[in-house]
Amino acid sequence: MSSSTPFRIIICGGGIAGMSAAIALRAPGREITVLEQSRLASEIGATISLQPNASRILQQEWKLDPISEARGMVDRGFRIFNTDGEVVRNLPLTSKSEYGGDRIMYHRQDLHSYLQRAAISEDQESPAVTIRTSSRVRACDATIGTLTLEGGDKLSADLIVAADGIHSIVRQCVLGEVTPKPTGLSAYRLMIPIEVLEKEAPEFCGKISPRQPFTSMVMAHDCRLIMGPAREGSVYSIVALVPDDRMNEDADSKQSWVSRGDLGRMLSTFEAFPEWMTAVFKLTDDLGLWQLRDLDPFKTWTKGRVILIGDAAHAMLPTQGQGASQAVEDAEALGAYFDGFAAIDLES
Ligand SMILES: Cc1cc2nc3c(=O)[nH]c(=O)nc-3n(C[C@H](O)[C@H](O)[C@H](O)COP(=O)(O)OP(=O)(O)OC[C@H]3O[C@@H](n4cnc5c(N)ncnc54)[C@H](O)[C@@H]3O)c2cc1C
């Protein structure tokens, strides 16, 4: 390869991991393409939080401004309530210096589109990343570094980053067939405008104060509610974790964030919860349900020209809120590993 040939990188998957890898790997002399199967037009309405380990990378390493550009809200702590609405535990998150960054809550669409804008921005020395939507990868050859798209196009790269999520296709060429396994937990998710919540659920708001930047939890009857505001306090998100064996739905058929839940069945699962709590479930017609799946740790994440990152490498349960944060860490580690590595290095 001559020194004028760019270092070609293809990232399969344009989720949080893929966009983060694109940002971290951008450098002069590189040609980066993200292949995304969807049109990136209909991101699901859900909140997502980045923990201090990831916020630090966005703000200090990548010099991004997610608080104003992605309307992030700094989380001031966890408050755990009993079913009477009394606080039983308070865990403040005040010491940014201790963790080197903040836990920041976002609307997923805001964070994702801000990362996308950063990847394609023209205001850097390095060439902008190309994002190809409606480009579904169906096969990969790790040794020669090729990806085959649905429709037959074949693309080659010096480095292939597999950021195509828990059901990764590219992973097959590294590890063979891997089937994610159910964890026994499913998650309902819903999001309500805070104005609606205040008008329609005053008893809930009297106990939980939804505009305050806290993560609130209620844990009872084997179920767990995790709640918090996003988008500068204009929306309130609720994630309800339910053991599969206590659900009144077919959990196994709900394997993606776009699966819908049934309100009547959710209410019967939560029938032991008080009315002040369950009243809020009725305030949305967009009820999602997702069965949480997991992967056993892999012996390797690399083969030939391919490396796995994000959920493709290590899917995470939302209980620690680290799914997206670990994806950001993966991207930063990849960026550091290839720092200074350009086409000229490939001559030797
Ligand atoms: C719609 C959605 C909503 C989510 N919401 C939350 C949340 O609220 N809270 C939370 O903690 N976690 C959430 N997660 C999970 C969390 O985002 C991930 O743990 C974390 O961001 C790591 O993401 P990832 O980029 O590795 O995988 P993903 O977010 O799954 O992204 C993978 C991307 O690859 C694309 N892709 C898949 N296969 C192919 C292919 N063959 N060819 C081309 N492209 C492909 C997908 O369309 C997707 O855009 C969500 C995931 C999704 C997909």
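Here, a residue counts as near the ligand if one of its heavy atoms lies within 4 Å of the ligand. Keep in mind that this is a predicted model.

Q: Which residues are the closest to the ligand, and how many surround it?
A: There are 27 residues around the ligand, and the closest are A17, E36, T47, R108 and D311.

Q: What makes the pair between E36 and the ligand a polar contact?
A: A polar contact needs a pair of N or O atoms within 3.5 Å. In the side chain of E36, an N or O atom is 2.6 Å from an oxygen atom of the ligand, so the pair qualifies.

Q: How do you know that T47 and D311 also make polar contacts with the ligand?
A: Both use the backbone: an N or O atom of T47 lies 2.5 Å from a ligand oxygen, and a polar atom of D311 is 2.9 Å from a ligand oxygen. The limit is 3.5 Å, so both pairs count. As for cover, the protein hides 86% of the 930 Å² of accessible area that the ligand has on its own.

Q: Which element gives the most to the shell around the ligand?
A: That is α12, with three residues; α1, β3 and α12 (323–337) each supply at least two. By type, the shell holds 13 nonpolar, nine polar and five charged residues.

Q: Why does the length of α5 agree with a helix of 13 residues?
A: At 1.5 Å a residue, helix α5 (residues 108–120) should span 18 Å, and its end C-alpha atoms are 19 Å apart, so the two agree.

Q: What do the buried residues of α5 pack against?
A: Their partners include α1 (16–25), β3 (47–50) and α2 (52–61). Among the buried residues are L111, Y114 and L115.

Terms used:
Residues are numbered from 1 along each chain as its sequence is written. This is a predicted model: local features need pLDDT of at least 70, side-chain atom pairs count only at pLDDT 80 or more; totals for chains, interfaces and linings use all residues. Side-chain values use heavy atoms; hydrogens and water are left out. Helices (H or I, at least four residues) and strands (E, at least two) are DSSP runs, numbered from the N terminus. The expected span of a helix is 1.5 Å times one less than its number of residues. Buried means under 20% relative accessible area, exposed over 50%, partly exposed in between (1.4 Å probe, protein chains only). Contact means heavy atoms within 4.5 Å. A polar contact is a pair of N or O atoms within 3.5 Å; within protein, one must be able to donate a hydrogen and the other to accept it, and residues adjacent in sequence count only if both atoms are side-chain atoms. Accessible areas come from the Shrake-Rupley method with a 1.4 Å probe; for residues, only the protein chains shown count as cover. Ala, Val, Leu, Ile, Met, Phe, Trp, Tyr, Cys and Pro count as nonpolar, Asp, Glu, Lys and Arg as charged, and the others, Gly among them, as polar.
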